Amino acid sequence: MLEREIVAAVMRHLKGVPGCFAWKTHGGMYGTAGIPDIIACVGGRFCAFEVKQPSGKLTRLQEVALKKIEDAGGVAGKVTSVEDVKRLLADMEPASAGEERRDI
């Protein structure tokens, strides 16, 4: 399966997830290097998915970006299928409903 086909399958899945807003990022000279392919907010949690074919490897910039997202409290990972996305979402803790919103 080509990477773009995996992206399309993941996006179809995310569109059916309740409380999910997701979009495909598009790289280019005006984008930020290393930003994951798919960004989502699921149940109040920031999620990012770097889509690869099963044999695909993350670049160093992609590894760093995923780590920064995790360090900031988001859910991030390399995914090669919809099943990988389902696992990441199933493992995430829901956003705390009692947290105060901080306007900066």
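## A buried acid on α3

Let's start with D84, which counts as buried at 16% relative accessibility, because the cut-off for buried is under 20%. This is a predicted model, so keep that in mind throughout. D84 doesn't sit there unpaired: its side chain meets that of R87 in a salt bridge, at 2.4 Å from N to O. Both residues belong to helix α3 and lie three residues apart, about one turn of the helix. R87 is partly exposed, with a relative accessible area of 48%.

D84 has company on the inside of α3, where the buried residues are V82, D84, V85 and L89. These four span an arc of only 160 degrees around the axis, which puts them on the same side of α3. What lies over them? The cover for the buried residues of α3 includes α1, β2, β3 and β4. Flip to the face of α3 turned away from that buried side and you find the exposed residues A90 and D91.

## The other salt bridges

A search of the whole structure turns up five salt bridges. Side chains of opposite charge can pair when their charged atoms come close. Besides the D84 and R87 pair, α3 holds a salt bridge between the side chains of E83 and K86, at 3.5 Å from N to O. E83 and K86 are three residues apart in the helix, so about one helical turn separates them. Here both ends are partly exposed: E83 has a relative accessible area of 42%, and K86 has 37%.

Over in helix α2, E63 forms a salt bridge with R60, and the closest N and O atoms are 3.3 Å apart. The spacing is three residues in α2, so again these two are separated by about one helical turn. E63 is partly exposed at 36% relative accessible area, while R60 is exposed at 59%.

## How the sheet is put together

Now for the strands. Four of them form an open sheet, in the order β1-β2-β3-β4, with mixed pairing. β1 (20-24) and β4 (75-79) stand at the edges with a single partner strand each, so one side of each is left without a neighbour in the sheet. From one strand to the next, the twist averages 15 degrees.

Strands of a sheet pair through backbone hydrogen bonds, either parallel or antiparallel. Going through the pairs, β1 and β2 (residues 38-42) are antiparallel over five bridges, and F21 has C41 in β2 as its bridge partner. β2 and β3 also pair in the antiparallel sense over five bridges, and here C41 is partnered with F46 in β3. Those two strands make a hairpin with two residues between them, and G43 in the turn has a positive phi of about 55 degrees. The mix comes from the last pair: β3 and β4 run parallel, joined by five bridges, with V51 and V79 of β4 as bridge partners.

## Helices across the strands

Which strands does α2 lie across? Helix α2 (residues 60-71) crosses β3 (45-51) and β4, running at about 150 degrees to β4. Helix α3 (residues 82-91) lies across β2, β3 and β4, and its angle to β4 is about 160 degrees.

β3 shows up in both of those lists. Six of its seven residues are buried, so β3 is largely enclosed by the rest of the structure.

## What fills the inside

The largest nonpolar core has 19 residues, and those with the most contacts inside it are L14, I38, C47, F49 and L89. α1 (3-15), β2, β3, β4 and α3 each supply at least two residues of this core. Which element gives the largest share? That would be α1, with six residues. L89 also links back to the start of this report, as one of the buried residues of α3.

C47 is a handy residue to click on if you want to see the packing. Leaving out residues up to four places away in sequence, C47 touches I38, I39, A40, V42, V75, L89 and M92. Apart from the 19-residue core lies another one, of five residues, among them I39, A48, I69 and A76.

Methods. Residues are numbered from 1 along each chain as its sequence is written. This is a predicted model: local features need pLDDT of at least 70, side-chain atom pairs count only at pLDDT 80 or more; totals for chains, interfaces and linings use all residues. Side-chain values use heavy atoms; hydrogens and water are left out. Two strands pair if DSSP finds at least two bridges between them. Axes are lines fitted to C-alpha atoms, for helices over the stretch in contact, and angles run from 0 to 180 degrees between N-to-C directions. Contact means heavy atoms within 4.5 Å. A nonpolar core is a set of buried Ala, Val, Leu, Ile, Met, Phe, Trp, Tyr and Cys residues joined through side-chain atoms within 4.5 Å. Buried means under 20% relative accessible area, exposed over 50%, partly exposed in between (1.4 Å probe, protein chains only). A salt bridge is a side-chain nitrogen of Lys or Arg within 4 Å of a carboxyl oxygen of Asp or Glu. The arc is that of the directions from the helix axis to the C-beta atoms.
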